[in-house]
Amino acid sequence: MKIAICEDDPFMAETLKEYVKEFLDSKELLHTIEWFDTAAKFYSSTETFDLIFLDYELPDSNGMEIAKNLRKTNNKSTIIFTTSFSEYVFQSFEVNTFRYLVKPVTREDVETTMTALINNFEQYAKVDIPTEGGETVFASLPEIMYIESNGRYTTVRLNSTSYVSTKAL
């Protein structure tokens, strides 16, 4: 999981990074976390992030403008606003925000949010399975019971059926 933290306060950024890292490490999930203290630095990144913690007020922009720009480019990153201003919560819905955390953000806030995020990913994530017959079948992660490799064949066992593939998954 690639994560961006857009936060101008170094202490808050480091605290948030620590809480997120601890949580993801405890779940044994691979991740990278990058910190940006200005919108300009964030925009200059060539990375595509899965998750963005976005401060509502940055020195050179505001989080809502950044989020709107991301959505205009069809960016599907999950956005979690972090701010000291609870009055902006309803505006955040305009950009399909996953959560809105009011500072100071606590370890419990991060754990609750990250748990919900992972549950959301697992529920809606789809795996494409190229079958021997040339069609592609999509399966949600909860449907997959196991995946077995045998030579150049891969069998994907779902709740109700199995598919054999000769292509890399």
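Two strands pair if DSSP finds at least two bridges between them. This criterion underlies several of the close-up views of the predicted model described in the legends below.

**Figure 1. Strands S11 and S12 are joined by four bridges.** Strand S11 covers residues 153-158, and its course relative to S12 is antiparallel. Because two strands pair if at least two bridges are found between them, the four bridges between S11 and S12 satisfy the criterion. One position of this pairing can be followed by name: Thr155 has Val164 of S12 as its bridge partner. S11 and S12 belong to an open sheet of three strands, arranged in the order S10-S11-S12 with antiparallel pairing. The edges of this sheet are strand S10 (144-150) and strand S12 (162-165); each has a single partner strand, so one side of each is left without a neighbour in the sheet. On average, and with direction ignored, neighbouring strands here are turned by 15° against each other.

**Figure 2. The whole protein, shown for orientation before the remaining views.** Four helices and 12 strands make up the secondary structure of the protein. The C-alpha trace spans about 55 × 35 × 25 Å along its principal axes. The protein has 169 residues, of which 37% count as buried. Among the contacts with a separation of 6 or more, 48% are made by residues 24 or more positions apart.

**Figure 3. Strand S1 runs parallel to strand S2.** S1 consists of residues 2-6, and five bridges join S1 to S2, which comprises residues 32-36. Among the paired positions is Lys2, whose bridge partner in S2 is Thr32. Four of the five residues of S1 are buried, so this strand is largely enclosed by the rest of the structure.

**Figure 4. Strands S8 and S9 form a hairpin.** Strand S8 (residues 126-130) and strand S9 (residues 136-140) run antiparallel and are joined by five bridges. Lys126 has Ser140 as its bridge partner in S9. Five residues lie between the two strands, and Gly134, located in the turn, has a positive phi of about 95°.

**Figure 5. Aromatic pairs of the protein, with two tilted examples.** Seven aromatic pairs are found in a search of the whole structure. One of them is formed by Phe42 and Tyr43, which are tilted, with 6.1 Å from centre to centre and 55° between the planes. Phe42 counts as buried because its relative accessibility is 7%, whereas Tyr43, at 40% relative accessibility, counts as partly exposed. A further tilted pair consists of Phe81 and Tyr100, with a centre-to-centre distance of 6.2 Å and 50° between the planes. This pair links distant parts of the chain: Phe81 belongs to strand S6 (residues 78-83) and Tyr100 to strand S7 (residues 99-102), 19 residues apart. Phe81 is buried at 0% relative accessibility, and Tyr100 is likewise buried, at 14%. Elsewhere, a single aromatic cluster is formed by Phe36, Phe42, Tyr43 and Phe49.

**Figure 6. Two arginine residues whose charged ends sit over aromatic rings.** The charged end of Arg99 is placed over the ring of Phe98, at 4.7 Å from the ring centre. The charged end of Arg152 sits over the ring of Tyr153, 5.5 Å from the centre of that ring.

**Figure 7. Thr97 in the loop between S6 and S7.** Thr97 is buried, since its relative accessible area is 11% and the limit for this class is under 20%. A polar atom of the Thr97 side chain lies 2.6 Å from the backbone oxygen of Ser92. With residues up to four places away in sequence left out, Thr97 touches Ile79, Ile80, Phe81 and Ser92.

**Figure 8. Tyr88, also placed in the loop between S6 and S7.** Tyr88 counts as partly exposed, at 22% relative accessibility. When residues up to four places away in sequence are not counted, Tyr88 touches Tyr56, Glu57 and Tyr100. From C-alpha to C-alpha, Tyr88 and Tyr100 are 9.1 Å apart in space, and they are separated by 12 residues in sequence. Tyr100 is thus shared between two views, as this residue also forms an aromatic pair with Phe81.

Conventions:
Residues are numbered from 1 along each chain as its sequence is written. This is a predicted model: local features need pLDDT of at least 70, side-chain atom pairs count only at pLDDT 80 or more; totals for chains, interfaces and linings use all residues. Side-chain values use heavy atoms; hydrogens and water are left out. Rings of Phe, Tyr and Trp (its six-membered ring) pair if their centres lie within 6.5 Å; planes under 30 degrees apart count as stacked, over 60 as edge-to-face and the rest as tilted. Buried means under 20% relative accessible area, exposed over 50%, partly exposed in between (1.4 Å probe, protein chains only). A charge sits over a ring if NZ of Lys or CZ of Arg is within 6 Å of the ring centre and within 35 degrees of the ring normal. A polar contact is a pair of N or O atoms within 3.5 Å; within protein, one must be able to donate a hydrogen and the other to accept it, and residues adjacent in sequence count only if both atoms are side-chain atoms. Contact means heavy atoms within 4.5 Å. Axes are lines fitted to C-alpha atoms, for helices over the stretch in contact, and angles run from 0 to 180 degrees between N-to-C directions.
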